[in-house]
Protein chains: 2
Amino acid sequence: MAESKVRIAYEPLKEFAKEVFLRAGMPSEDAEIEAATLIWANLRGVDSHGVLRIPWYVENIDKGVMNPKPNIQVVKETPATLLIDADRALGPVVTTLTMKRVMAKAKEVGIGWGLIRNHTHQGAIGYYPLMAAEKDMAGIVIACNPPNMVPYGARVAGVQNSPIAIAVPTKRYRSLILDMATSVVAAGKIWLAVDKGESIPLGWALDKDGNPTTDPRKYATLLPVGGPKGLRLGTYV
Amino acid sequence: MAESKVRIAYEPLKEFAKEVFLRAGMPSEDAEIEAATLIWANLRGVDSHGVLRIPWYVENIDKGVMNPKPNIQVVKETPATLLIDADRALGPVVTTLTMKRVMAKAKEVGIGWGLIRNHTHQGAIGYYPLMAAEKDMAGIVIACNPPNMVPYGARVAGVQNSPIAIAVPTKRYRSLILDMATSVVAAGKIWLAVDKGESIPLGWALDKDGNPTTDPRKYATLLPVGGPKGLRLGTYV
């Protein structure tokens, strides 16, 4: 299938995305955050984490997996740390809120660390440490997810491909940013291949029987980047 | 060359190592820490970071690169953070001291973060987060080093293979620990191959002309684990 030639301007796409989330039951401010983070991913060229995911988010809201009107609560707090219960909020909604509170702590005591529980999909997590870098702080964000990655040499998922994002401000140029899954590729890259009707390289994924596959529609589990190193990073972070 | 059949007991080896560092000019307490961390690596089976390194440490003390009697100072401090000037102390000496102070901060405010400047080689960095795990805290330690790793597709060193170590306490079993360089292997693994007279696999290192090599004596630069992911992890952490 040929690459789409359709080009969509930033603002109408963002308005459309926001409208979808509004109709799915989210408050206006939260729908705005969700739309902004998705479009941010598209504008960075990370289409795997952009508006491509909208139908999947809506499906998860409809199923009750994601909560469009969460009761987000601070469970525990110290001068430098924060434990937040997300009540299954969409990732961007609770994570931008947590980043803001954690950054306020960092201003006070030098560093802030937040833990979010009962969260759902985080989106392109590079967005959050960049919030810190734009305020002249370094940011690190790590997300956990259900097992979707194969322990080295195994055939079924046993660990998660927990993504890691780090942003560091610079004096004169744009902030440096790392945003990576601990698998060879994020699952979104495989969905993107399905979307484009393309095959995937050997070494990205296994099928349901634990065999290597180049067919993105047969994807069942991800392979860790760098073998045991990606595996352990994904397990421990 | 055949594997050595000589077995050495823990205590005499530690005493020998301590004696070497004492004679190199270190105070008794510091020589003890240095010996303990080296032997710890050997006992974990990480011979690349064990007593194998003693001649190299002594050489660096003799050259004035490492300072056996450093004037370690706190440069800056907040309730949760610490900036320490190591005055070119040996890594274990200043890092165990920093970990202790940072762990005290974590007890007070929930998290502690220390930065060490003017440090030298850190040793097997898994030792330090494990200090935290043994006190029922999670620990992360990252070290920077001079460029020794090849940007993906390049021929000479441009970034560092900054190692990452994470330790997490468990309720019933030994602490989980990750201790890895962001190169395919740490340089010590290549020195170990030289020591054993073995060749190294393709993909570990390049020679001085930027060509892949299986001869550990020709090693000039390391290759990043997982290509661009190991490269960026090494650059940003």
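The following exercises, each with a worked solution, concern a predicted model with chains A and B.

**Exercise 1. Domains of chain A**

Into which domains is chain A divided, and how many residues does each of domain 1 and domain 3 give to their contact?

Solution.
Step 1. Begin with the bounds: domain 1 of chain A covers residues 10–63, domain 2 covers 73–180 and domain 3 covers 187–226.
Step 2. Consider next the separation of two of these domains. The centres of domain 1 and domain 3 of chain A, taken over C-alpha atoms, lie 25 Å apart.
Step 3. Domain 1 of chain A contributes 4 residues to the contact, and domain 3 of chain A contributes 5 residues.
Step 4. On the side of domain 1 of chain A that touches domain 3 of chain A, the classes are 1 nonpolar, 2 polar and 1 charged.

**Exercise 2. Helix 2 and helix 4**

Determine which description, roughly parallel or roughly perpendicular, suits helix 2 and helix 4 of chain A, and state which residues of these helices meet.

Solution.
Step 1. Two quantities are needed, since a pair of packed helices is described by the angle between the axes and by the distance between them.
Step 2. In chain A, helix 2 spans residues 28–43 and helix 4 spans residues 91–109. Their axes come within 8 Å and cross at roughly 95 degrees.
Step 3. Angles from 65 to 115 degrees count as roughly perpendicular. Helix 2 of chain A is therefore roughly perpendicular to helix 4 of chain A.
Step 4. From helix 2 of chain A, the residues Asp30(A), Ile33(A), Glu34(A) and Thr37(A) take part; they meet Pro92(A), Val93(A) and Thr96(A) of helix 4 of chain A.
Step 5. Sorted by class, the residues of this contact are 3 nonpolar, 2 polar and 2 charged.
Step 6. Chain B may be treated likewise. The axes of helix 2 and helix 4 of chain B come within 8 Å and cross at roughly 95 degrees, which means that these two helices of chain B are roughly perpendicular. Here Asp30(B), Ile33(B), Glu34(B) and Thr37(B) of helix 2 make the contact with Pro92(B), Val93(B) and Thr96(B) of helix 4.

**Exercise 3. The sheet of each chain**

In what order do the strands of the sheet in chain A lie, and which of them are the edge strands?

Solution.
Step 1. The sheet of chain A is open and consists of 3 strands in the order 4-5-6, with antiparallel pairing.
Step 2. Strand 4 (139–142) and strand 6 of chain A are the edge strands, each pairing on one side only.
Step 3. From one strand to the next, the twist averages 5 degrees.
Step 4. Strand 5 and strand 6 of chain A run antiparallel and are joined by 5 bridges. In this pairing Val168(A) stands opposite Leu176(A) of strand 6.
Step 5. Chain B also has an open sheet of 3 strands in the order 4-5-6 with antiparallel pairing. Strand 5 and strand 6 of chain B pair over 5 bridges, and Ala165(B) has Asp179(B) in strand 6 as its bridge partner.
Step 6. Helix 7 of chain A packs on this sheet of chain B and touches strand 5 and strand 6. The direction of helix 7 of chain A makes about 135 degrees with that of strand 6 of chain B.
Step 7. In the opposite sense, helix 7 (residues 228–236) of chain B lies across strand 5 and strand 6 of chain A, at about 135 degrees to strand 6 of chain A.

**Exercise 4. The contact of the two chains**

Which element of chain A gives the most to the side that touches chain B, and what relation connects the two chains?

Solution.
Step 1. Chain A and chain B each bring 21 residues to the contact.
Step 2. On the side of chain A, strand 5 (164–168), strand 6 (176–180) and helix 7 (228–236) each supply at least two residues. Helix 7 of chain A gives the most, with 5 residues.
Step 3. The classes on this side of chain A are 14 nonpolar, 5 polar and 2 charged residues.
Step 4. A turn of 180 degrees with a shift of 0.0 Å along the axis lays chain A on chain B with an RMSD of 0.0 Å. The relation is therefore that of a two-fold axis.
Step 5. Gly226(A) comes closest to the rotation axis among the residues of chain A, with its C-alpha at 2.1 Å.
Step 6. Both copies use the same surface, as 100% of the contact residues of chain A recur in chain B.

Notes:
Residues numbered from 1 in each chain as written. Chains lettered and ligands numbered in written order. Predicted model: local features only at pLDDT ≥ 70, side-chain atom pairs only at ≥ 80, totals over all residues. Domains from an automatic or database assignment. Contact = placed C-beta atoms within 7 Å. Nonpolar A, V, L, I, M, F, W, Y, C, P; charged D, E, K, R; others polar. Helix = DSSP H or I, 4+ residues; strand = E, 2+ residues; numbered from the N terminus. Least-squares fit on C-alpha atoms with pLDDT ≥ 70 in both. Pairing = 2+ DSSP bridges. Axes fitted to C-alpha atoms, helices over the stretch in contact; angles between N-to-C directions. Parallel < 35°, antiparallel > 145°, perpendicular 65-115°, else oblique.
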